[in-house]
Amino acid sequence: MRNVTVATTQMVCGWDIQQNIATATELVTKAANAGANIILLQELFETPYFCQVHDFDYFTLATTVADNAAINHFKQLAKKLKVVLPISFYEKSGNTFFNSVTVIDADGEILGTYRKTHIPDGIPYAEKFYFTPGDTGFKVWQTKYAKIGVGICWDQWFPECARSMALMGAEILFYPTAIGDEPTLDIDSKSHWQRCMQGHAAANLMPVIASNRIGTETISQNGNDSTMQFYGNSFITDGRGEIIQEASKDKEQILSTTFDLDQLAIERQQWGVFRDRRPSMYGMLLTHG
């Protein structure tokens with residue numbers, strides 16, 4: 001057996017960046033002390049979800065990998081606790097801005113950075129104003145405990161993202177997220193959001209771990225306020241897409257589960273879904289968008 005214990009978290013975020021990092025540190029430490037090897041924090045947890053509005057002032061929140069407060073802090077914590085941490089942050093690279101995740105291995109060293117491929121544009125998820133579509137391509141990392149793939153929020157709605165990471169050898173998929181109200185659509189998207197990722201787990205026969213934020217956040221712009229209620233419900237699926245751990249909609253929580261990676265690999269072989277793929281046929285679809 002090759003066992004790995006994964007954990008996901010959810011928390012409230014405010015405008016005190018150091019307090020947000022402190023809260024995340026407490027969650028990571030608790031998860032690690034309970035035996036977790038790889039621990040997921042939510043998308044852009046250093047601040048509230050500022051993407052609700054268009055405001056050039058929020059570009060000042062972006063940093064380089066080297067200068068990011070959360071990354072530098074969690075490099076030390078990862079080494080101390082011997083855990084793997086994908087850290088979501090607002091990245092500045094030259095004159096370009098990305099929604100990114102840097103993966104820190106259990107020795108505190110950075111394995112690399114993934115830049116969000118799919119960027120939403122709608123109220124209140126106005127991310128195209130702040131982020132350029134990622135230029136890294138989908139990525140996987142061989143960490144101390146498992147080979148993992150990480151997508152970011154809107155990436156989780158695209159099967160191509162999950163399948164690409166699975167084809168690159170990922171054994172577990174992680175999705176840091178910030179999602180809640182859908183005022184434009186006037187729907188509750190929570191179940192749809194979960195089912196979409198459950199499908200990725202089922203189609204690729206590998207666990208999916210999702211971390212979402214909680215709480216109500218109000219972002220102001222020129223005297224106008226935009227308010228969102230984030231619905232939490234962070235979760236962990238097994239390799240067949242079944243949700244085996246699920247958080248509440250409004251409470252700070254940690255979820256944790258242990259997987260046997262060798263057994264999951266056997267199940268992928270038994271089902272034959274990678275053996276029976278027909279890439280030459282899929283290429284025909286490209287001319288039809």
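1. The side chain of arginine 213 reaches the backbone oxygen of glutamate 43 at 2.8 Å. A polar atom of that side chain also lies 2.7 Å from the backbone oxygen of leucine 44. Arginine 213 sits in the loop between β9 (208-211) and β10 (214-221). With a relative accessible area of 0%, arginine 213 is buried, the limit for that word being under 20%. These values, like those below, come from a predicted model.

2. Helix α2 covers residues 69-81, 13 residues in total. From its first C-alpha to its last, α2 reaches 18 Å, close to the 18 Å expected at 1.5 Å a residue. Its buried residues are Ala70, Ile71, Phe74, Leu77, Ala78 and Leu81. They cover an arc of only 130° around the axis, and therefore lie on the same side of α2. The face turned away from that buried side carries Gln76, Lys79 and Lys80, which are exposed.

3. What do the buried residues of α2 pack against? Their partners are α1 (17-33), β3 (85-93), β4 and β5.

4. Both ends of α2 deserve a note. At the N-terminal end, asparagine 68 acts as the cap: a side-chain oxygen lies 3.0 Å from the backbone nitrogen of alanine 70. Just after α2, lysine 82 takes a positive phi of about 60°.

5. Two of the strands that α2 packs against, β4 and β5, pair with each other. Strand β4 (residues 96-104) and strand β5 (residues 110-115) run in the antiparallel sense, with five bridges. Valine 101 stands opposite tyrosine 114 in β5. The hairpin has five residues between the strands, and glycine 108 in this hairpin takes a positive phi near 85°.

6. On the aromatic side, the structure holds 21 aromatic pairs. In one of them, tryptophan 15 and tyrosine 58 have ring centres 5.7 Å apart and planes at 5°, so the pair is stacked. Tryptophan 15 lies in the loop between β1 (3-10) and α1, and tyrosine 58 in the loop between β2 (38-40) and α2, so the pair ties together parts 43 residues apart in sequence. Is each ring residue buried or partly exposed? Tryptophan 15 is partly exposed, at a relative accessible area of 43%, whereas tyrosine 58, at 13%, counts as buried.

7. Another pair is formed by phenylalanine 59 and tyrosine 130, with ring centres 5.4 Å apart and planes at 40°, so this pair is tilted. Phenylalanine 59 is in the loop between β2 and α2 and tyrosine 130 in the loop between β5 and β6 (140-142), so that the pair links distant parts of the chain, 71 residues apart. Both residues are buried.

8. The four residues of points 6 and 7 belong to one aromatic cluster. Its members are Trp15, Phe50, Phe56, Tyr58, Phe59, Tyr90, Phe97, Phe129, Tyr130 and Phe131.

9. Phenylalanine 259 belongs to strand β14 (residues 253-260). It is buried, with a relative accessible area of 6%. How far apart are phenylalanine 259 and threonine 5 in sequence and in space? They are 254 residues apart in sequence and 6.3 Å apart in space, C-alpha to C-alpha. Leaving aside neighbours within four places in sequence, phenylalanine 259 is in contact with residues including Arg2, Asn3, Val4 and Val6. Further contacts of phenylalanine 259 include Pro207, Ile236, Thr237, Asp238, Ile244 and Leu264.

Key. Residues numbered from 1 in each chain as written. Predicted model: local features only at pLDDT ≥ 70, side-chain atom pairs only at ≥ 80, totals over all residues. Heavy atoms only, no water. Pairing = 2+ DSSP bridges. Helix = DSSP H or I, 4+ residues; strand = E, 2+ residues; numbered from the N terminus. Expected span 1.5 Å × (residues − 1). Buried < 20%, exposed > 50% of the residue type's maximum accessible area, 1.4 Å probe, protein only. Arc of directions from axis to C-beta. Contact = heavy atoms within 4.5 Å. Polar contact = N/O pair within 3.5 Å; in protein donor to acceptor, adjacent residues only side chain to side chain. Phe/Tyr/Trp six-rings, centres within 6.5 Å; stacked < 30°, edge-to-face > 60°.
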